[in-house]
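Biologist: I would like to go through a protein model slowly, asking at each step how a word is justified. Could you show me the structure before we begin?

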Amino acid sequence: MSNSDPFAAIADPNRRHLLEELRRAPRTVNDLAKGLPISRPAVSQHLKALLDCDLVTVTASGTKRIYSVNIPGFNRMNLWLDQFWN
């Protein structure tokens, strides 16, 4: 597990947008970049931040890297948040 803070990672609106897109379906960097007013390298940097805190995963398919939401990473955040409602 990484030391990166998932709450700091999702504070960025571009990263939240990426997560919303990935929630719908796994996608490549190029697919994700089409919906944002930032460059493909910037999308890759945002995805790296989300990878570092275990909120997304990446798999290789030929020459493509396909990103998807990492449910266990979100489960850890939910466990922490749930303690405030009990």
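Biologist: What is the bridge partner of Thr-28 in S3?

Modeller: The bridge partner of Thr-28 in S3 is Ile-66. Please keep in mind that this is a predicted model, in which local features need pLDDT of at least 70 and side-chain atom pairs count only at pLDDT 80 or more, while totals for chains, interfaces and linings use all residues. Residues are numbered from 1 along each chain as its sequence is written, and side-chain values use heavy atoms, with hydrogens and water left out.

Biologist: What makes a stretch of the chain a helix or a strand, and how many of each does the protein chain have?

Modeller: Helices (H or I, at least four residues) and strands (E, at least two) are DSSP runs, numbered from the N terminus. By that definition the protein chain has five helices and three strands, and along the sequence they follow the pattern α-α-β-α-α-β-β-α.

Biologist: Why is the protein chain called as compact as a globular protein of that length?

Modeller: The radius of gyration, taken over C-alpha atoms, is set against the globule rule, which is 2.2 Å times the number of residues to the power 0.38. For 86 residues the rule gives 12 Å, and the protein chain has 13 Å, which is close to it, so the chain is as compact as a globular protein of that length. Along its principal axes, the C-alpha trace spans about 45 × 25 × 25 Å.

Biologist: How do you know that S1 and S3 pair, and in which sense?

Modeller: Two strands pair if DSSP finds at least two bridges between them. Strand S1 (residues 27-28) and strand S3 (residues 64-69) have two bridges, in the antiparallel sense, so by the definition they count as paired. Strand S2 (residues 56-61) is joined to S3 by six bridges, and these two strands also run antiparallel.

Biologist: Which residues of S3 stand opposite Val-56 and Val-58, and which is the bridge partner of Thr-59?

Modeller: Val-56 stands opposite Val-69, Val-58 stands opposite Tyr-67, and the bridge partner of Thr-59 is Ile-66, the residue that is also the bridge partner of Thr-28.

Biologist: What is the order of the strands in the sheet, and what makes a strand an edge strand?

Modeller: The three strands form an open sheet in the order S1-S3-S2, with antiparallel pairing. S1 and S2 are the edge strands, as each pairs on one side only. S2 and S3 form a hairpin with two residues between them, and Gly-62 in the turn has a positive phi of about 65°.

Biologist: What is the phi of Asp-54, and where does this residue lie?

Modeller: Asp-54 has a positive phi of about 65° although it is not a glycine, and its place is in the loop between H4 and S2. Most residues other than glycine have a negative phi.

Biologist: Why is Asp-54 called buried?

Modeller: Buried means under 20% relative accessible area, exposed means over 50%, and partly exposed is in between (1.4 Å probe, protein chains only). Asp-54 has 19% relative accessibility, so it counts as buried. Asn-70, in the loop between S3 and helix H5 (71-82), is buried with a relative accessible area of 15%.

Biologist: Which residues does Asn-70 touch, and what makes that a contact?

Modeller: Contact means heavy atoms within 4.5 Å. Leaving aside residues up to four places away in sequence, Asn-70 touches Asp-54, Leu-55, Val-56 and Thr-57.

Biologist: Is Val-43 in helix H4 buried or exposed, and what does it touch?

Modeller: Val-43, whose place is in helix H4 (residues 40-52), has a relative accessible area of 0%, so it is buried. Not counting residues up to four places away in sequence, Val-43 touches Leu-18, Val-29, Leu-32, Ala-33, Leu-36 and Ile-38.

Biologist: Why is Glu-20 called partly exposed?

Modeller: Glu-20 lies in helix H2 (residues 13-24), and its relative accessible area of 37% falls in the range between buried and exposed, so the residue is partly exposed. Glu-20 and Val-69 are 49 residues apart in sequence and 9.2 Å apart in space, C-alpha to C-alpha.
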